[in-house]
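Biologist: Before we discuss any details, could you put the sequence and the model in front of us?

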Amino acid sequence: MEWRSLPEVLDAEQLIELALHRAAKKRSGQSDSAARKLSSLADNLGAPLGAIVEKFPSLDQLHPFDRDIVNLSVGLDELRQSLGGIDWARKQLQKLGGQFSSKAARARGERALQLQRQGYGRLTSVVRQVSDRLEFLRDTRKTLGRLPAVDPETPLAVMAGAPNVGKSSLVRAISTGRPAVREYPFTTKSVSLGHITARYQKLQVMDTPGLLDRPDAQRNNIEKHGLAALEHLSPSIMFVTDGSGTSGYPIEGQQTLREELRQRFPDAHWLDIWSKCDREQEKPLPEGAIATSATEETGIAELKQAVIEMLLPE
């Protein structure tokens with residue numbers, strides 16, 4: 001899902017100001033000017049609301065991964081209620097606009113102006129009634145706009161492991177992805193995506209928030225972003241272990257997490273990666289694991305080639 005294509009959402013007062021400005025351009029002095037202004041105001045308030053509802057994706061038709069990510073990021077129920085509230089307002093504007101413009105078209109003089117004032121008040125009141133829904137959708141657009149557009153049909157490798165083990169640095173090193181890198185846990189708040197081009201194909205490499213060695217019921221929404229990718233996208237898994245002891249998470253706990261994921265996703269292609277190998281290691285490198293250091297670029301070429309061969313087997 002390409003979240004950056006979501007429609008712009010104005011707040012209630014911006015929408016009202018713009019619609020009033022456009023309605024004011026309708027010529028005055030004509031016998032039907034009040035009716036024309038009312039019709040214009042209703043249309044210019046309702047059309048942007050309709051565009052919001054129409055251009056937001058159907059929540060029931062989202063890919064399961066996207067649906068989980070939306071739910072974890074903003075809440076599916078609240079998003080559904082907000083879109084429903086906006087659609088209600090659109091219908092009310094259409095109904096009231098028709099009623100008031102019809103009455104104003106039959107009125108003359110002061111009565112027409114009175115109907116115009118009443119209609120303006122009712123129409124703008126409808127928009128203000130959904131101001132909180134508009135604010136929620138404005139925030140939702142910003143939040144979802146930061147999510148990656150994952151293609152379920154393109155080969156994908158997901159970087160998984162405990163917090164602060166160097167996943168983001170490795171994603172930056174082998175792909176076009178540019179996740180934030182900091183020297184503290186849970187820098188990564190959601191999934192992010194990079195690409196590798198190989199053999200005339202584009203491959204996806206995903207960075208995920210760190211997972212703690214604990215039951216799902218105790219995991220927070222940040223951790224669940226990564227689990228959503230593992231559960232719904234059938235990716236290859238690159239499990240990163242920090243053997244230097246600098247992540248703040250003991251190797252034993254990291255290895256317990258590794259075994260959990262291996263048992264949970266037994267059919268996934270798998271790479272074991274040890275990070276920060278420029279530092280002293282607390283345990284010997286396991287057989288088959290790739291030793292890496294993003295800082296010194298040790299093992300980066302080997303890791304990138306391993307990812308390509310895993311995603312594009314000969």
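Modeller: A nonpolar core is a set of buried Ala, Val, Leu, Ile, Met, Phe, Trp, Tyr and Cys residues joined through side-chain atoms within 4.5 Å, where buried means under 20% relative accessible area with a 1.4 Å probe, protein chains only. This is a predicted model, in which local features need pLDDT of at least 70 and side-chain atom pairs count only at pLDDT 80 or more, while totals for chains, interfaces and linings use all residues. Residues are numbered from 1 along each chain as its sequence is written, and side-chain values use heavy atoms, with hydrogens and water left out.

Biologist: Which helix gives the largest share of the largest nonpolar core?

Modeller: That core has 65 residues, and Leu45, Phe65, Leu134, Leu137, Met206 and Leu261 touch the most other members. Its largest share is nine residues, and they come from helix α4 (residues 76-106; helices are DSSP runs of H or I, at least four residues, numbered from the N terminus).

Biologist: How many residues does the second, separate core hold?

Modeller: Among its members are Ala162, Leu170, Ala198 and Ala306. The count for this second core is 24 residues.

Biologist: In β5, which residue is the bridge partner of Thr241?

Modeller: Thr241 lies on one side of β4 together with Ile237 and Phe239, and all three are buried. Strand β4 (residues 236-242; strands are DSSP runs of E, at least two residues) pairs with strand β5 (residues 270-275) in the parallel sense over six bridges, pairing requiring at least two DSSP bridges. Within β5, the partner of Thr241 is Trp274.

How values were computed:
Buried means under 20% relative accessible area, exposed over 50%, partly exposed in between (1.4 Å probe, protein chains only).
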